[in-house]
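Dear colleague,

Please find below the structure I wished to hand over to you, together with its sequence. My findings follow directly after it.

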Amino acid sequence: MDRFFFRTCSFLLISTIVFAFFVEIEPAGAKIKYKQSVSTREQWVDSVFSQLTTRQKIGQLMMVAAFSRKDLQNVEEVESLIKNYGIGGVIFMRGGPVAQAKLTNRYQNLSKIPLMVGIDGEWGLSMRLDSIRGFSRQMLLGAFKNDSLIYEMGKEVARECKLLRVNVNFAPSVDINSNPLNPIINVRSFGENRDLVSQKGIAYMRGMQDHGLIACAKHFPGHGETEVDSHRALPFLGLSRQRLDSIELYPFRKLVNAGVQGIMVGHLSVPALEPNLDNPTSISRKVVTDLLKKEIGFKGLVFSDALNMKGISASRSPEKVCSDALRAGNDILLFPEDVPASIRKIEWEIFWGRIDEKEVDEKVRRVLGVKFDLGLTGYYPIDVNNNLVKDLNSTNAEGLRESMVASAMTVISNKDDILPLMRLDTLSIAVLNVGEDMENTFTNTMAQYCKIRQFDIQRNAGQVAFDSLGNVLKPYNLVIVGYHDTDARAEKNYGVDSVCAAFIGRLATEKKCILNYFGSPYGIGLFPNLDNFYSITVGYESSVQSEKCMAEVLFGGRKATGFLPVSINPEFKQGRGIQLDSVIRIRMGTPEEFGINRTSFADVEELVNKAISIQTIPGCQVLAMKDGVIFYYKAFGSKTYNGDDTVSTTDMYDIASVTKVSATLPVLMKLSDNKFLDVDRKIGDYLPELKNTNKFDITCREILVHQSGLSSGISMYPKYLRSVFKGKPLYSATISDDYPFKTEDGKYQNRSYYLDNALFGTEYSEKHQLQVASSIYVSKSIKDSILVDITGSRVSGRGEYHYSDLGFYYFQRIIENCYHKSLDRVVDSLFFRKLGMNSTMYNPTDKVSLANIVPTEVDYTFRNQLLRGFVHDPGAALMGGVAGHAGVFSNAIDLAKLMQLYLNKGVYGGDRYFSDSTFNLFNTPQFSNNRRALGFDKPEPDSKKESPVGKEALRLSFGHTGYTGTMVWADPTRKFVYIFLSNRVYPSSQGSKLSELNTRTDILTKFLHMIDDKSSTKHKD
């Protein structure tokens, strides 16, 4: 006994001395010298490996956590590990891109051997870093078929990682989320179908690895069936080996065969793979070496999952965790908690032969070889001072993200084919947002399609609040619910409040209701009465893109092609998705959809800003649309030159003569389609009162092409001003100091005018029913007087082109006689409301806030006031603001809908308004000496003459301009629409600087060049 004890003590003493000497002669900070100029992989690996101590070899197999958002202590700790233990890499956690770049430069400069830099970026760098726009969680990616988008995402993630010198991305997660109660994977999984998960995992992996970034599939052997978060405890998978082979292991085998370079082993208890329940998979040699490396044949780098997670660290010391993980076969020990103690432990294990030194050497050589392959031997610092954040946020990535989100939008029920929504004029729509503020993309996007009423409530508002809301919603015949305040975790009921869900479910039994759920699909299963909803859609996330795209799906602005990546219940199983293949309305998009670089817009904006800077216009709206997709829509400048009231894209402008093609012309086309109107018939055939006048036999065709011989206009208001001296004036107005007028000598003065008290009044009355401007009303009889004046005007130069407004007064009378109501009511019921042009109207002052109407002009020749919401044209004003040639107010997006109707030759929103043959007739030039079509302006075919739209516009294109500084143009060949709205007549209509500057046409030409540059062939008529 004494002899055995003595020998044992002697052995331990000698071993301790040897180990101490071992540590002392291999200082961690020993400088490594290797030939930087060595060109081959093998030579470089040999030259570095030959100089490594055991401690440094072990250090090369560790990647420690680095934070760019923590205090200096973490930085000092990492630096110490680099200097003293020669660690092989870092995994960056939370922080910012610039701070991380600086630390990367700092750490790489300090390290004798280049560091391998990793990040956990399943949906891109934004998973860990601020200031970077990321991609969607993987479950959304599992909802669409086009895996090339996922490849492009991998490519973009690789580009961003390379900018930050990140070499390894711990993605994709190829866990199959077969358990809805999974607390940690859930939306991080592509879905529950093994083939789907494999295909999408491969696409993501290839996108990254084809562009120089190591992908690391996780969490081997599969974390999807668990109900425990391995960050908190050790999950248990009591699955059979047969089940594991057919489901959990399936994607890993596929990715290994496809060439994945990294695999992360999770902390899981899986008795079918490792009978010893004390050995989680991450430290099991049966799993890491025998199964993954030998049976499956993986030859790349095996990374342990983070070794500080409770699933592995709760029952072991940090140093034992590391030594067990290395012994199991892991190549890289990720996130070790106590590096010094762990290295000493592993050294001791190697010394005693419990860890095979040859295996360690092989791992080190493998890691060094990968570093060489990554080009780390030629590392150069990151430039942190030259637009790093901007470069990380590429516009291409933004377009790709929206394409992915759009492709995922999933419709799982569609009773009576309610989607896409049709006949907007019959719908009274309430939008109920749960968990969102008043300003949200979902509502704002729907408001671009039709008139809606928005209501907001928090999910935990309580029964009383929901009951009260139910009463408020009773008048509406359609309720669109947007459920935004979601959670991915089953333990949080996916963010679904039971009282709120019960209210929404009850609402579906009382009226037509559409549920749009922006979160994990599992949450939908917690709503009652799912069969009663007219439609249920899945948006997968509460993001700007998802809310926008789903709203566009509802209104037919884009297709719905997504399908469920997981099962919700027996009815809504994985793979379910009702395809909506028709696009029936326009939508907002991105220039990247058409291969247009946003930098191209700089030329457009330079033209606009120049016009504003020299006070040609105070501000404007500019819109460009191709294939029904608005790729540019922006507001510039201010509503006036005061500069304190900026223009928004929702503001309304007086569109002047664009009214001709926006209000009168579509009704005339409808009348022509119905055989009521024949453009070759005489205007007198429709207006018998013209008998025995010089207007009777003028044809509608002649009026529409402006060669009727009618005068351009007549001065209507002077005759009413001259009567001022016949009696005491009823109306007097003086311009305020805010709006003084210039006299001919350039000086400012105020003026007063007086109007005939027989016709005009200062307030609405039975006698004075038509409003001309603020506090000016006129008798309805003036409309007949105006037509009498027009009829009495001269006709000259018939058959020659001479632009005239007068014929459109006649068209207005024809339309009103036909429909027995005023033109504004006719066009609103036939077109504006059905098209969803809810911001297009005559006389907007009693319908919308003045704040949303751009001031047009200070009228000092007639009405003596600032015109805001009252038509600029004096003749239209005397008609009560409703005329065939002027009077409509609108914004660019509404006019884009109308122009798309024309491009579609009479079809929009699923309805046909007139036949394509009728449109072709009206869009065809009628005479060889006149560029005009029937109502539409056209490009000038004679190269010797000036064209209103430049030389690039094709002959089939059409549109119109307006005196106030407006323009609409459409090109059927290019499928392109251009809108320009401004108030160039503010504060005075004197002068024509906008036309002289040619701003509208020059901008149109810029857009046409952008489109043609991306076209494969030259456009020809």
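I begin with a strand pairing: E5 and strand E6 (residues 262–265) run parallel and are joined by three bridges. Within this pairing, alanine 217 has isoleucine 263 of E6 as its bridge partner. Please note that the model is a predicted one.

Strand E5 also pairs with strand E4 (residues 168–169), again in the parallel sense, over two bridges. Here valine 168 is found opposite isoleucine 214 in E5. Between E4 and E5 the chain passes through helix H8 (residues 194–209), and the resulting β-α-β crossover is right-handed. As for its surroundings, strand E5 (residues 214–220) is largely enclosed by the rest of the structure, because seven of its seven residues are buried.

The nonpolar interior

The largest nonpolar core holds 190 residues, and those touching the most other members are Phe220, Leu432, Ile480 and Ile504. Helix H8 gives the most to this core, namely seven residues. Setting aside residues up to four places away in sequence, phenylalanine 220 touches a set that includes Leu249, Phe252, Ile263, Met264, Val265 and Gly266. Also among its contacts are Leu268, Thr281, Val287, Leu291, Leu292 and Ile296. Ile263, the bridge partner of alanine 217, is thus also a contact of phenylalanine 220. A second, separate core consists of 92 residues, among them Leu623, Phe811, Ile815 and Ala896.

A buried loop residue

Phenylalanine 572 lies in the loop between helix H21 (544–554) and strand E15 (587–588). Is this residue buried or exposed? Its relative accessibility is 1%, and because buried means under 20%, phenylalanine 572 counts as buried. Leaving out residues up to four places away in sequence, phenylalanine 572 touches Ile412, Leu530, Ile536, Leu564 and Ser567. Proline 381 is 191 residues from phenylalanine 572 along the chain, and their C-alpha atoms are 52 Å apart.

An antiparallel sheet

Strands E18, E29 and E26 form, in that order, an open sheet of three strands with antiparallel pairing. Its edge strands, strand E18 (653–654) and strand E26 (841–842), each pair on one side only. Two bridges connect E18 with strand E29 (residues 888–890) in the antiparallel sense. Aspartate 654 has phenylalanine 889 in E29 as its bridge partner.

The chain as a whole

The protein chain contains 34 helices and 34 strands. Its C-alpha trace spans about 140 × 65 × 55 Å along the principal axes. Of its 1021 residues, 59% count as buried. The accessible surface amounts to about 40,300 Å², and carbon and sulfur atoms account for 48% of it. Of the contacts between residues at least 6 apart in sequence, 72% join residues at least 24 apart.

Confidence of the prediction

The mean pLDDT of the protein chain is 91, and 91% of its residues reach 70 or more. Two stretches call for a separate mention. Over residues 1–36 pLDDT stays under 50, and the model has 41 contacts beyond four places in sequence for them. Over residues 722–753 pLDDT likewise stays under 50, with 62 such contacts in the model.

With kind regards

Technical notes. Residues numbered from 1 in each chain as written. Predicted model: local features only at pLDDT ≥ 70, side-chain atom pairs only at ≥ 80, totals over all residues. Heavy atoms only, no water. Helix = DSSP H or I, 4+ residues; strand = E, 2+ residues; numbered from the N terminus. Buried < 20%, exposed > 50% of the residue type's maximum accessible area, 1.4 Å probe, protein only. Contact = heavy atoms within 4.5 Å. Pairing = 2+ DSSP bridges. Right-handed = clockwise from strand over helix to strand, strands pointing away. Core = buried A, V, L, I, M, F, W, Y, C linked by side-chain atoms within 4.5 Å. Areas by Shrake-Rupley, 256 points an atom, 1.4 Å probe, with all protein chains shown as cover. pLDDT = per-residue confidence, 0-100.
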